[in-house]
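User: Please take me on a close look at one part of this model: how its helices and strands are packed and paired. Keep it informal, and spell out any cut-offs as you go.

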Amino acid sequence: MPPTTMLSAEQLYHELYRLADGVLYPSETDAPVDVLLWEVSQRGALTIDALLDAFGISPQQPVSDVPPEDFFEGVTDTYDWQNEEERAMTERFRRMKELFFANLTNPKHYWVGERNVHVFLWGRTSDGNYIILKTGIVET
């Protein structure tokens, strides 16, 4: 499927979920990437405050607004030292990036916390709901 193919919200969610299954987001401790669907009719508008509340994260944590493209920085690059499994993971991240930016509007990217950071990237689907990519990183 070419990267510019528009998918329905349900198709996009399932494809991103499939691609993220088993993928680890690299940092000092590699973490899985979760794909979540935020249905506006059930949860209301998606804001960073609503997201923190939904995940039980203290609103006292520092929140950084980050350029959306930065979520994929470094994880979509291929390196000579990578083994076959690492290259396959890089390709999955590339495909996730293509699908995300081709099919979602108004992307937002936030880091929440200081050392153990919650990372959220989301965009609006064609039906007005949201798809969220969530992971964690450790910064020392």
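Analyst: First, a bit of vocabulary: a crossing is left-handed if the near helix is turned anticlockwise from the far one by less than a right angle, and right-handed if clockwise. This is a predicted model, where local features need pLDDT of at least 70, side-chain atom pairs count only at pLDDT 80 or more, and totals for chains, interfaces and linings use all residues. Residues are numbered from 1 along each chain as its sequence is written, and side-chain values use heavy atoms, with hydrogens and water left out.

Let's start with the helix pair. H1 covers residues 9-20 and H4 covers residues 84-103 (helices are DSSP runs of H or I with at least four residues, strands are E runs of at least two, numbered from the N terminus). Their axes sit 9 Å apart, and the packing angle is about 160° (axes are lines fitted to C-alpha atoms, for helices over the stretch in contact, with angles from 0 to 180 degrees between N-to-C directions). H1 and H4 are therefore roughly antiparallel (over 145 degrees; under 35 is roughly parallel, 65 to 115 roughly perpendicular, the rest oblique). H1 goes past H4 in a left-handed crossing.

Who touches whom? On the H1 side you have Leu12, Glu15, Leu16, Arg18, Leu19 and Ala20, and they meet Arg92, Arg95, Met96, Leu99 and Asn103 of H4 (contact means heavy atoms within 4.5 Å). Sorted by type, the residues of this contact are six nonpolar, one polar and four charged (Ala, Val, Leu, Ile, Met, Phe, Trp, Tyr, Cys and Pro are nonpolar; Asp, Glu, Lys and Arg charged; the others, Gly among them, polar).

Two of those H1 residues have a link of their own. Arg18 makes a salt bridge with Glu15, with the closest N and O atoms 2.6 Å apart (a side-chain nitrogen of Lys or Arg within 4 Å of a carboxyl oxygen of Asp or Glu). Both residues are in H1, three residues apart, about one turn of the helix. In total, this rule finds three salt bridges.

Now the sheet. It is open and has five strands in the order E3-E7-E6-E5-E4, with antiparallel pairing (two strands pair if DSSP finds at least two bridges between them). E3 (34-38) and E4 (63-65) are at the edges with a single partner strand each, so one side of each has no neighbour in the sheet. Neighbouring strands are turned by 25° against each other on average, direction ignored. H1 packs on this sheet, touching E3 and E7 (130-138), and its direction makes about 160° with that of E3. H4 lies across E5, E6 (116-124) and E7, at about 50° to E6.

Walk along from the E4 edge. E4 and E5 (residues 105-112) share three antiparallel bridges, and Val63 stands opposite Val112 of E5. Also in E5, Asn106 has a positive phi of about 50°, although it is not a glycine.

E5 and E6 pair over six bridges, with Trp111 partnered by Val119 in E6. Three residues separate these strands in a hairpin, and Gly113 in the turn has a positive phi of about 115°. E6 and E7 pair over nine bridges, and Gly123 has Ile131 of E7 as its bridge partner. Their hairpin has five residues between the strands, with Gly128 in the turn at a positive phi of about 90°.
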